[in-house]
Amino acid sequence: VDCTCNAGSTGPDGGVCTACSRNTYKSTTGSASCALCPITNVSPIASVAIINCTCSPGYTGPGVTACAKCGENTYKSTAGSGTCTSCPPWYTSPSASTSFSTCVLPTTCPTGFVGTPPECADACTHEAVATEMERTLSEGLEHFGNLGTSCDWEVAAFYYAHATNHNCKNLGGAKYFCSRQQKR
């Protein structure tokens with residue numbers, strides 16, 4: 001009687017069988033080679049079916065061929081169908097990240113925000129606009145800025161109206177220029 005290798009292992013009929021290596025599987029008996037899991041999947045040694053292939057770290061989904069990269073600013077350190085974990089607020093990471101250590105705090109706040117991470121505030125709030133103007137002017141600098149299309153006229157008007165100790169000119173729309181000179 002010739003022996004054949006069981007599912008999850010491979011080798012010549014009547015010879016020595018070797019367990020399928022990690023990230024491979026074999027669902028039939030005999031000498032056939034072990035098949036690779038899909039590229040975004042992993043499996044344990046001696047896997048007997050493609051269902052044993054689960055999403056790799058950095059990927060999420062039900063497994064097999066439906067694994068998707070974890071999005072930017074998230075990570076997943078374990079294999080399987082678990083969800084990706086968000087980095088802390090203001091921290092960033094590339095897509096398909098596999099550990100918390102990939103979450104880094106940038107040196108500047110993203111576009112549309114002011115402050116220093118992790119203390120970022122919406123640049124279009126009255127408080128943020130006034131704080132940014134006062135910070136710049138207290139450093140002895142002239143300040144020219146554009147609140148941008150995401151900020152409304154009300155914010156620009158607030159900025160201009162509350163610059164009581166400085167010479168500010170509204171240049172139209174949400175554009176402004178302020179200097180340290182006192183208003184007259």
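C5 is buried in this predicted model, with a relative accessible area of 0%, where buried means under 20% relative accessible area, exposed means over 50%, and partly exposed covers what lies in between (1.4 Å probe, protein chains only). The model is a predicted one, in which local features need pLDDT of at least 70 and side-chain atom pairs count only at pLDDT 80 or more, while totals for chains, interfaces and linings use all residues. Residues are numbered from 1 along each chain as its sequence is written, and side-chain values use heavy atoms, with hydrogens and water left out.

The partner of C5 is C17, and the two form a disulfide with their sulfur atoms 2.0 Å apart, the term being used here for a pair of cysteine sulfur atoms within 2.5 Å. A disulfide is a covalent bond between the sulfur atoms of two cysteines. The link of C5 and C17 is left-handed, with -100° about the S-S bond. Because C5 lies in the segment before β1 (9-10) and C17 in the loop between β1 and β2 (18-19), the pair ties together parts that are 12 residues apart in sequence; helices (H or I, at least four residues) and strands (E, at least two) are DSSP runs, numbered from the N terminus. Whereas C5 is buried, C17 is partly exposed, with a relative accessible area of 36%.

Further along the chain, C37 is joined to C53 by a disulfide with an S to S distance of 2.0 Å. Here the link is left-handed, with -70° about the S-S bond. C37 lies in the loop between β4 (35-36) and β5 (41-42) and C53 in the loop between β5 and β6 (54-55), so this pair ties together parts that are 16 residues apart in sequence. C37 counts as buried at 9% relative accessibility, and C53 is buried as well, with a relative accessible area of 1%.

C87 and C103 are also joined by a disulfide, again with 2.0 Å from S to S, and their link is left-handed with -70° about the S-S bond. Both C87 and C103 sit in the loop between β10 (85-86) and β11 (113-116), 16 residues apart, and both are buried.

Which cysteine sulfur is nearest to that of C3, a residue in no disulfide? The sulfur of C17 is the nearest, 8.0 Å away, and C3 itself is exposed, with a relative accessible area of 55%. By the distance rule given above, the count comes to six disulfides, among them the link of C5 and C17.
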